[in-house]
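Q: Please take a close look at a single part, the disulfides. How many does a search of the whole structure find?

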Amino acid sequence: VQEPITIETGYDLLTDKGRSAAETVLKAQQPDVIVAQWMCAPWSIIQNINLVGHRAARQTVLDARELHRPLLRWLAKMEQWQRERGAHWVGENPHNSVAWREPCMQAMLANNYNTLLDMCTQDLKDPVTGLHYRKRTLLNHTSPAVHEALDLLCPGDHKHGSLEGTTRVE
């Protein structure tokens with residue numbers, strides 16, 4: 001296991017320098033598995049409200065997506081590298097993330113398993129109300145075992161809490 005490649009460990013993957021440094025490490029270490037998760041906020045379906053709203057709000061969303069597109073292209077490159085050398089890849093983002101619609105993500109979606117996982121099946125709950133969060137997630141990956149183990153949708157036998165807003169826990 002190697003140290004995570006994150007902003008906290010010195011890799012700003014929103015910059016060319018950060019992605020280049022991360023790629024150097026990955027190519028040197030030849031990991032058996034890469035697990036990637038990218039920021040949801042720029043790609044959240046809820047941002048579509050801002051796209052039809054005030055001009056400044058629309059521009060903020062468009063600017064954020066433009067800032068994050070190079071990261072998505074780099075992740076798609078790393079996924080292809082992993083797949084072509086027979087290593088494993090897992091990419092995660094909400095199932096309705098607009099990122100999945102980006103052109104650079106299409107080969108990834110076409111060449112791998114795309115597993116839907118409701119996080120309530122993993123006991124994700126609101127810490128205050130105790131209600132489960134559905135939080136449907138798409139896992140894009142190379143492993144039939146991951147697909148078999150995590151192809152889990154909500155059985156519908158419980159209530160769900162809302163993910164909008166903020167929960168504060170002392």
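A: Start with one term: a residue is buried under 20% relative accessible area, exposed over 50%, and partly exposed in between, using a 1.4 Å probe and protein chains only. The model is predicted, so local features need pLDDT of at least 70, side-chain atom pairs count only at pLDDT 80 or more, and totals for chains, interfaces and linings use all residues. Residues are numbered from 1 along each chain as its sequence is written, and side-chain values use heavy atoms, leaving out hydrogens and water.

First, the setting. The protein chain has 170 residues, and 35% of them count as buried. Its C-alpha trace spans about 45 × 45 × 35 Å along the principal axes. Contacts (heavy atoms within 4.5 Å) often link distant parts of the sequence: among those with a separation of 6 or more, 67% join residues 24 or more positions apart.

Now the disulfides. The term means a pair of cysteine sulfur atoms within 2.5 Å. The search of the whole structure finds zero. Why does Cys 104 have no such bond? The closest cysteine sulfur belongs to Cys 40, and it lies 16 Å from the sulfur of Cys 104, which is too far for a bond. Cys 104 is partly exposed, and its relative accessible area is 23%.

Turn to Cys 120. Its closest cysteine sulfur sits in Cys 154, at 3.7 Å. That is still too far for a bond. Cys 120 is buried, with a relative accessible area of 4%.
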